[in-house]
Amino acid sequence: MSGDYSWLAHFDLGLNWAVIIKWLPKLAQGAILTLELVAIAVIAGLLLAIPLGIARSSRRWYVSALPYAYIFFFRGTPLLVQLFLVYYGLAQFDAVRSSFMWPYLRDPFWCATATMTLHTAAYIAEILRGAIQAIPPGEIEAARALGMSKPKTLFYIILPRASRIGLPAYSNEVILMLKASALASTVTLLELTGMARTIIARTYLPVEIFFAAGLFYLLMAYILVRGFKLLERWLRVDACQGR
Amino acid sequence: MNFDLYGFGPALAAGALMTVKLALTALCLGLVLGLAGALAKTSTYKPLQWLGGAYSTVVRGIPELLWVLLIYFGTVNMMRALGEFFGNPDLSLSAFAAGVIALGLCFGAYATEVFRGAILAIPKGHREAGVALGLSKFRIFTRLIMPQMWRIALPGLGNLFMILMKDTALVSVIGLEEIMRHAQIGVTVTKQPFTFFMVAAFMYLGLTVLAMTTLHFLEKRAARGFARSTQ
């Protein structure tokens, strides 16, 4: 990029703006990878969380014990530890190294998405459990009284109802995952933070580049918040919350 | 599996101590920042409201890891300039100090919202009673609002502290010798990544359980004299 940016000097915060503008395309490239990571993780995490959350809210202890242990482990340890366990840890076992999964488990992108998926699934399962338990029991009883089978009640009454109750919490989780995706830079992925660190290694201007990366994160978070607001309106979440 | 972790057991224990130290120091800074943020946000003075809002929005929108890196690497020039002014050109932020500032900043931004909610939850009549008794604004805050606020804010702050404790792992990225850093050193020597990171994971789980128990005790203590009717 070229051009006369001297007018920017009036808005100078003591930052080298020309450098920021020069590296914006690279940072945008990193931001796209960040969005890819987050999108895969929160969608796959949601799919994984649905059975987990349903099992977790079961009244039978042998059904809820395993999801409970899973959720306890993934919520009780830092994402960084989980990421290192998958990316560096699995290589310790020869069985893993010789399996057909190895080409994927060796790739930082798949490691990061897999770990983030497992991590966020634990949180989403807990959100889903809260949402399922917040459904007024009368509604489920009404469905059963109308002669709906248990699976039918689950798919037509419980899940649609729980998804609306849980949506605001799910949108929070998506924002948290957007921020957590910065950790993928520690396993050599060039997402927004990783890209910023690479650029800094070349320019030695940490304040400028991290500032620009921070603006990207703020922008992405803002767009996500707006998007979820629209989704909430479309799903008429407000209208369903009358208790 | 080797029981003393190939001689790295004591180092990991020392790392755990460092993690706890970092978490507690950052907690202190975060509580101060959160309280200041909440006071700014609930004040009647517009610029202060705006400042509090900007603090909590901007800090919460940027990843913790980015704050850690920004504060550690971004303050090098500033610290050098400060150091030269005071005649000590080698002045720089240690990894511990950078970690405390970064994690405290993030904790404070979330705590701002928790404290604000707690302040708003206190009935208006209590403040008015203070005014009627002729207490100063400062007195009203320290004697009327603060003691009642803690009970309401405690569960939220507890959740934030759990998050803070897990975020301490991020400070290993700038080289602070806490649990993760020691685990990584162990891995480079022994080539047993799974063993070491699993041990680290269980250490964090242990710390989380410890914090949960403490919080449960604190919440019970803070709620003494209150019937659990309003949930």
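Student: How many helices and strands does chain A have?
Tutor: In this predicted model, chain A has eleven helices and zero strands. Along the sequence the pattern reads α-α-α-α-α-α-α-α-α-α-α.

Student: Is chain A a compact globule or more spread out?
Tutor: More spread out. Its radius of gyration is 22 Å, and the globule rule gives 18 Å for 243 residues, so chain A is well over the value for a compact globule.

Student: What box do the C-alpha atoms of chain A fill?
Tutor: Roughly 75 × 50 × 25 Å, taken along the principal axes.

Student: And what share of chain A is buried?
Tutor: Buried residues are 36% of the 243.

Student: What about contacts in chain A between residues 24 or more positions apart?
Tutor: They account for 74% of the contacts with a separation of 6 or more.

Student: Switching to the contact between the chains. How many residues come from each?
Tutor: Chain B puts in 27 residues and chain A puts in 26. On the chain B side, the elements giving two or more residues are α3 (64-74), α8 (179-190) and α9 (193-222).

Student: Which of those gives the most?
Tutor: α9(B), with nine residues.

Student: What classes of residue are on that side of chain B?
Tutor: The side of chain B that touches chain A has 21 nonpolar residues, four polar and two charged.

Student: Back to α9(B). How far apart are its end C-alpha atoms?
Tutor: They are 43 Å apart. At 1.5 Å a residue, its 30 residues should span 44 Å, so the two values agree.

Student: Which residues of α9(B) are buried?
Tutor: B:P193, B:T195, B:F196, B:F197, B:A200, B:A201, B:M203, B:Y204 and B:L207.

Student: What do they pack against?
Tutor: Elements of both chains. From chain A, the partners are α2 (61-76) and α3 (79-87). From chain B, they are α1 (9-42), α7 (137-167) and α8.

Student: Now the core. How many residues are in the largest nonpolar one?
Tutor: It has 116 residues. Those with the most contacts inside it are A:V81, B:L66, B:V68 and B:A200. B:A200 is also one of the buried residues of α9(B).

Student: Which helix gives the most to this core?
Tutor: Helix α5 of chain B, residues 95-121, with 15 residues.

Student: Last one. What does B:V68 touch?
Tutor: Leaving out residues up to four places away in sequence, B:V68 touches B:A98, B:G99, B:A102, B:L170, B:V171, B:V173 and B:I174.

Note on methods: Residues are numbered from 1 along each chain as its sequence is written. Chains are lettered from A and ligands numbered from 1 in the order in which they are written. This is a predicted model: local features need pLDDT of at least 70, side-chain atom pairs count only at pLDDT 80 or more; totals for chains, interfaces and linings use all residues. Two residues are in contact if their C-beta atoms, placed from the backbone, lie within 7 Å. Helices (H or I, at least four residues) and strands (E, at least two) are DSSP runs, numbered from the N terminus. Ala, Val, Leu, Ile, Met, Phe, Trp, Tyr, Cys and Pro count as nonpolar, Asp, Glu, Lys and Arg as charged, and the others, Gly among them, as polar. The radius of gyration is taken over C-alpha atoms; the globule rule is 2.2 Å times the number of residues to the power 0.38. A residue is buried if 20 or more other C-beta atoms lie within 10 Å of its own, exposed if 12 or fewer, and partly exposed in between; C-beta atoms are placed from the backbone. The expected span of a helix is 1.5 Å times one less than its number of residues. A nonpolar core is a set of buried Ala, Val, Leu, Ile, Met, Phe, Trp, Tyr and Cys residues joined through C-beta atoms within 7 Å.
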